[in-house]
Amino acid sequence: MCLSPVKGAKLILIFLFLGAVQSNALIVNLTDSKGTCLYAEWEMNFTITYETTNHTNKTRTIAVPDKVTHDGSSCGDDQNSAKIMIQFGFAVSWAVNFTKEASHYSIHDIVLSYNTSDSTAFPDAVAKGVHTVKNPENFTVPLDVIFKCNSVLTYNLTPVVQNYWGIHLQAFVQNGTVSKNEQVCEKDQTVTTVAPIIHTTAPSTTTTLTPTSTPTPTPTVGNYSIRNGNTTCLLATMGLQLNITEEKVPFIFNINPATTNFTGSCQPQSAQLRLNNSQIKYLDFIFAVKNEKRFYLKEVNVYMYLANGSAFNISNNNLSFWDAPLGSSYMCNKEQVLSVSRAFQINTFNLKVQPFNVTKGEYSTAEECAADSDLNFLIPVAVGVALGFLIIAVFISYMIGRRKSRTGYQSV
């Protein structure tokens with residue numbers, strides 16, 4: 001929705017409610033006379049622990065609601081800091097500041113304030129009033145570069161745990177256009193095996209991801225759809241099997257659509273489908289438009305837990321799979337292997353996907369993968385060959401029968 005001007009700039013604040021479980025993604029686009037001057041897209045939540053009147057501790061997790069205000073947000077300039085300020089009603093407010101230097105800008109002073117006098121948000125709280133938690137982290141980003149971080153960044157600042165993920169951010173945008181130059185956060189750059197950073201205990205699971213030496217069954221095909229407002233903007237149907245090589249030990253995991261949540265977003269030049277369940281913190285499929293004529297799968301990001309409690313994290317934004325014309329869908333019924341890295345592959349089954357230009361919530365005509373095209377070509381060829389052999393067999397039988405008939409006449 002478009003909101004009123006703020007200090008000479010216009011703020012566009014969009015909330016996305018997508019998938020089987022509500023997930024609110026904030027997209028902030030501050031503009032001035034030149035165009036966009038600050039762009040930010042991210043998700044966040046906060047877990048707050050407070051004391052109650054019966055002398056016990058209670059924990060509340062606060063996510064971005066559907067209605068917020070933005071008083072105090074501004075683009076900034078060479079002399080003044082830029083800032084984003086978000087208010088979640090009476091109970092919670094959040095702010096981040098940006099300072100411009102000669103060749104870079106810094107992200108700093110991330111401040112969360114919450115009011116325990118709000119009995120709805122903090123029932124039975126003993127200490128009434130406003131509490132403020134300041135995040136000491138300071139990030140430096142070059143000018144004319146967009147900062148990206150799909151991994152979850154967690155900050156445990158007692159009594160508050162702050163989680164941020166799916167971050168696309170550029171302050172002090174030059175010439176009114178968001179840059180195509182990227183700086184990826186450290187956690188997205190490499191494969192790491194670390195202790196889980198969100199769960200204080202091992203995540204409860206119904207399926208265990210373990211080394212395998214026996215054949216794994218074909219995964220169940222899931223149907224996923226993303227909406228932008230009241231309109232379906234992305235469709236995906238696929239069975240997914242994740243293959244991980246961790247220290248040369250293969251792990252194979254089938255994604256069960258019945259226990260998997262999904263969210264996503266749709267932009268004119270990009271679209272995202274994110275899956276998550278008890279073992280997968282996130283599995284992102286990010287699509288892009290190529291030459292204004294075709295779409296393709298450009299990026300895959302995954303963060304998931306292995307059987308030993310460690311975490312597996314990989315990101316690759318230089319892929320080129322599932323290429324098809326805009327206005328069509330991409331289909332591959334045969335098994336495909338997407339090689340994301342040496343240590344991580346995704347096997348897809350009965351795949352059909354359309355991340356752009358969905359009409360009436362239905363798939364458009366599909367462009368088939370080479371494997372399916374070969375199969376469709378081979379079927380009539382095989383039928384033709386079989387018919388040829390049948391004709392030859394009938395002809396041979398006829399000639400043998402005719403020869404026997406002539407032999408019989410000569411005997412008479």
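Trainee: Which residues touch the most other members of the largest nonpolar core?
Mentor: Such a core is a set of buried Ala, Val, Leu, Ile, Met, Phe, Trp, Tyr and Cys residues joined through side-chain atoms within 4.5 Å. Buried means under 20% relative accessible area, exposed over 50%, and partly exposed in between (1.4 Å probe, protein chains only). The largest core here holds 48 residues, and the members touching the most others are Trp-42, Ile-84, Trp-94 and Phe-98.

Trainee: Which strand gives this core its largest share?
Mentor: Good follow-up! Helices (H or I, at least four residues) and strands (E, at least two) are DSSP runs numbered from the N terminus. Several strands each supply at least two core residues, among them S3 (24–32), S6 (82–88), S7 (92–100), S8 (104–115) and S13 (160–171). The largest share, eight residues, comes from S4.

Trainee: How many residues are in the other core?
Mentor: A separate core lies apart from the one built around those strands. Its members include Ala-271, Leu-283, Leu-338 and Ala-343, and its total is 44 residues.

Trainee: What should I know about the model, and how many strands does the chain have?
Mentor: This is a predicted model, where local features need pLDDT of at least 70, side-chain atom pairs count only at pLDDT 80 or more, and totals for chains, interfaces and linings use all residues. Residues are numbered from 1 along each chain as its sequence is written, and side-chain values use heavy atoms, leaving out hydrogens and water. Alongside two helices, the strands number 28.

Trainee: What percentage of the contacts between residues at least 6 apart in sequence join residues at least 24 apart?
Mentor: Contact means heavy atoms within 4.5 Å. Phe-98 gives a feel for it: beyond its neighbours within four places in sequence, its partners include Leu-38, Tyr-105, Leu-169 and Phe-172. Across the chain, the share joining residues at least 24 apart is 55%.

Trainee: What percentage of the residues in the chain is buried?
Mentor: The chain has 412 residues to consider. Buried ones make up 46%.

Trainee: How many residues apart in sequence are the parts that Cys-149 and Cys-185 tie together?
Mentor: These two form a disulfide (a pair of cysteine sulfur atoms within 2.5 Å), with their sulfur atoms 2.1 Å apart. The torsion about the S-S bond is about 65°, so this disulfide is right-handed. Cys-149 sits in strand S11 and Cys-185 in the loop between strand S14 (182–184) and helix H1 (186–189), so the separation of the parts they tie together is 36 residues.

Trainee: Which strand holds Cys-266, the partner of Cys-233?
Mentor: The disulfide joining them has an S to S distance of 2.0 Å, and Cys-266 counts as buried at 14% relative accessibility. The pair links parts of the chain 33 residues apart, with Cys-233 in strand S17 (residues 231–246) and Cys-266 in strand S19.

Trainee: What is the relative accessible area of Cys-332?
Mentor: Cys-332 forms a disulfide with Cys-369, and with 70° about the S-S bond the link is right-handed. Cys-332 lies in strand S25 (residues 329–332), while Cys-369 is in the loop between strand S28 (366–368) and helix H2 (370–411). Cys-369 counts as buried at 4% relative accessibility. Cys-332 is buried too, with a relative accessible area of 0%.

Trainee: What is the pairing of the bonded cysteines of the chain?
Mentor: The structure holds four disulfides. Number the bonded cysteines in sequence order and the pairing reads 1-2, 3-4, 5-6, 7-8.
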